[in-house]
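Trainee: I'd like a close look at one part of this model, a single strand and whatever surrounds it. Could you take me through it slowly?

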Amino acid sequence: MSEGISILILAAGASTRMGEKVKQLLPWGTSTLIENAVDTAKQVADSVFVVLGANKEEIKKAIVLDVETIYNPNWQSGIGSSISIGVQNILKLNLDQKGLLIMLADQPLIDTSYLNELKKEFDQGNFKIVATSYENRLGVPAVFHQSIIPELVNLNEEYGARHIIKKYHTDIKAVFPNGKELDIDTPKNYIQLIDKMNI
């Protein structure tokens, strides 16, 4: 358990490509995608926050674990607005944290061991950002040093943390997720992951 970081889970999108189903509430193991993300995060940090937007009441009711929820009324503007409002709320609490880990609710293969790997690299203190390596870019899950967390408040509505990651490209440690970065965007993605994990 870490006192050193807080975790912000982004779960505000409408997930239109999933059809009529609320993606965050799709079954995953014995719970749902959102519960899986919250449970994973709570094993790594005491302070866990979830940004909700579309279907917020339905999703909030489904989260049985004790977690702080933050509502983004501008969720349709994009992921940057969710990060911004989430960080604004966290900064108001004046938590004594070394960093902030941002993750998504729709990457169910991201597990506690992977988040701990990110945190271990961050705790070594050699980098301002420790980010997940994708084929041609770096992204979340990522840990941001406390000194640059305020910059996340000013993110463009359409862009997530990419702008900040690019700005600090010389001060970043890349961590390879080895397939854990797969996200769920469509019913086909979901079925493929369910089959892969034999859930």
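Trainee: Let's start with the pairing: which residue in strand 8 stands opposite Leu 100?

Mentor: That's Phe 144. Keep in mind throughout that we're looking at a predicted model. Leu 100 belongs to strand 6, which covers residues 99–104, and strand 6 runs antiparallel to strand 8, joined to it by four bridges. The partner has an oddity of its own: Pro 141 lies in strand 8, and the peptide bond leading into Pro 141 from Val 140 is cis, with omega near 0°.

Now look at how covered strand 6 is. Six of its six residues are buried. Gly 99, Leu 101 and Met 103 point one way, while Leu 100, Ile 102 and Leu 104 point the other way. Neither set reaches the outside, as all of these residues are buried.

What do they pack against? Strand 6 is one of the elements that give two or more residues to the largest nonpolar core, along with strand 1 (2–11), helix 1 (33–42), strand 4 (45–52) and helix 4 (112–123). That core has 29 residues, and Ile 7, Ile 9 and Ile 34 touch the most other members. In soluble globular proteins, nonpolar side chains tend to be buried together.

Ile 7 is a good one to click on. Setting aside neighbours within four places in sequence, Ile 7 is in contact with Leu 100, Leu 101 and Met 103, among others. So from strand 6, Ile 7 meets Leu 101 and Met 103, which point one way, as well as Leu 100, which points the other. Its contacts also include Ala 41, Val 44, Ala 45, Ser 47, Val 48 and Phe 49. There is a second, separate core as well, with 27 residues that include Ala 12, Val 51, Ile 70 and Ile 129.

Stay with the first core for a moment and turn to helix 1. Helix 1 is mostly covered, with eight of its 10 residues buried. Those eight are Leu 33, Ile 34, Glu 35, Asn 36, Ala 37, Val 38, Thr 40 and Ala 41. Glu 35, Asn 36 and Thr 40 are on that buried list too, and Thr 40 has a partner we can follow. Thr 112, a helix 4 residue, touches Thr 40, Gln 43 and Val 44, not counting residues up to four places away in sequence. Thr 112 has a relative accessible area of 18%, so it falls under the 20% cut-off and counts as buried.

Back to strand 6, this time to the empty space beside it. The second largest pocket holds about 150 Å³, and strand 6 and helix 3 each supply at least two residues of its lining. The lining residues are Ser 6, Ile 90, Leu 91, Leu 95, Gln 97, Gly 99, Leu 100, Gln 146 and Ile 149. Leu 100, then, faces Phe 144 across the strand pair, touches Ile 7 and helps line this pocket. By class, the lining has five nonpolar and four polar residues, with no charged ones.

The other end of strand 6 takes us to the largest pocket, where about 970 Å³ of space lies. Leu 104 is among the residues nearest its centre, together with Ile 79, Asp 106, Asp 183 and Asp 185. The lining comes to 37 residues, and the elements giving two or more of them are strand 1, helix 3 (79–92), strand 8 and helix 5 (162–167). Here charge does appear: the lining has 17 nonpolar, 11 polar and nine charged residues.

Last, the loop leading into the strand. Asn 94 sits between helix 3 and strand 6 and has a positive phi of about 55° although it is not a glycine. Is Asn 94 buried or exposed? With a relative accessible area of 68%, Asn 94 is exposed. Asn 178 makes a handy companion: its phi is also positive, near 55°, and at 73% relative accessibility this residue counts as exposed. Asn 178 is found in the loop between strand 9 (172–175) and helix 6 (187–197).

If you follow strand 8 back instead, the loop between strand 7 (129–133) and strand 8 (138–145) holds Asn 136, which is exposed at 72%.

Note on methods. Residues numbered from 1 in each chain as written. Predicted model: local features only at pLDDT ≥ 70, side-chain atom pairs only at ≥ 80, totals over all residues. Heavy atoms only, no water. Core = buried A, V, L, I, M, F, W, Y, C linked by side-chain atoms within 4.5 Å. Buried < 20%, exposed > 50% of the residue type's maximum accessible area, 1.4 Å probe, protein only. Contact = heavy atoms within 4.5 Å. 1 Å grid on protein atoms, 1.4 Å probe; cavity = no way out; pocket = protein on both sides within 12 Å on 5 of 7 lines; lining within 4 Å. Points joined across faces, edges and corners; volume = space filled by probe spheres on them. Nonpolar A, V, L, I, M, F, W, Y, C, P; charged D, E, K, R; others polar. Pairing = 2+ DSSP bridges.
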